[in-house]
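Please find below a colleague's note on the nonpolar core and the aromatic rings.

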Amino acid sequence: ASSSALRRGALAVSRIPADPTSGVSPLGLSRGLDLAREVYGDVLELDWEAVKGRLLVFFRGRLKHLHAKSFPTDLTEAVLASGFDRPADVEGRLSALSRVKSQEGWDDLAIAVKRVVRIVADQEAQALDPKSLVGVAETALYEAFSSSRAGIQEALNAGDYDHAIEGLIGLKPHIDRFFDDVMVMSDDLSERHRRLALLTEVGALFGAMASFDKVST
């Protein structure tokens with residue numbers, strides 16, 4: 001097939017709708033490619049994982065092209081960087097984030113989340129022990145995070161991206177207070193580890209929506 005035909009085919013696959021309310025889990029790109037591979041049996045002699053990786057990069061490029069005229073480039077990159085296995089999920093997250101980006105306070109939210117991501121980026125992952133948290137700012141952030149996490153994840157799984165981002169926005173005051181009151185990189189290793197562990201969990205929750213380090217502010 002010509003390169004233009006491949007691009008058209010990739011766009012057609014990317015536009016296949018998935019209704020999150022239908023109760024049927026949409027087929028992800030990765031699984032779809034594996035199923036297509038099975039059709040060819042032993043005909044394909046090249047290493048499948050390498051081929052599959054190149055195909056996913058190709059699909060990523062087509063998704064970026066598909067949304068280029070409708071959404072800001074930085075948001076598109078942020079959403080694609082956090083995952084693009086379900087094309088309908090990509091568009092849903094983009095739409096929700098785009099609406100929030102037009103509202104007052106977006107830059108402050110993005111800056112706060114980028115700070116979380118930046119601090120934990122090069123640190124060794126730590127397991128979070130809620131019982132080890134002390135102080136008002138630490139416990140307040142954890143309580144807000146733990147009470148909203150399930151709802152945010154359920155909203156994401158259901159394709160209810162507006163409610164998901166609303167839940168994430170609700171964490172911002174607690175993140176701000178945490179940074180105002182707490183020195184994350186404390187000389188006390190136990191303090192540092194528990195604070196990094198907490199921020200890692202918070203950052204991962206935001207990361208399910210988008211990679212905020214890609215967002216322009």
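The points below take up the core, the ring pairs and a charge over a ring.

1. This is a predicted model, in which local features need pLDDT of at least 70 and side-chain atom pairs count only at pLDDT 80 or more, while totals for chains, interfaces and linings use all residues. Residues are numbered from 1 along each chain as its sequence is written, and side-chain values use heavy atoms, with hydrogens and water left out.

2. The largest nonpolar core (buried Ala, Val, Leu, Ile, Met, Phe, Trp, Tyr and Cys residues joined through side-chain atoms within 4.5 Å; buried means under 20% relative accessible area with a 1.4 Å probe, protein chains only) holds 57 residues, and those that touch the most other members include Leu97, Trp106 and Phe212. Beyond its neighbours within four places in sequence, Leu97 has contacts (heavy atoms within 4.5 Å) with residues including Trp106, Met209 and Phe212.

3. Aromatic pairs (rings of Phe, Tyr and Trp, the last by its six-membered ring, with centres within 6.5 Å; planes under 30 degrees apart are stacked, over 60 edge-to-face, the rest tilted) come to a count of five. Tyr142 and Phe145 form a tilted one, at 6.4 Å centre to centre and 50° between the planes; both are buried.

4. Phe178 and Phe179 pair edge-to-face, with 5.8 Å between centres and 75° between planes. Phe178 is buried at a relative accessible area of 0%, and Phe179 is buried at 9%. Arg115 lies over the face of Phe179, 4.0 Å from the ring centre (the rule asks for CZ of Arg, or NZ of Lys, within 6 Å of the ring centre and within 35 degrees of the ring normal).

5. Trp106, Phe206 and Phe212 make up one aromatic cluster.

Key
Buried < 20%, exposed > 50% of the residue type's maximum accessible area, 1.4 Å probe, protein only.
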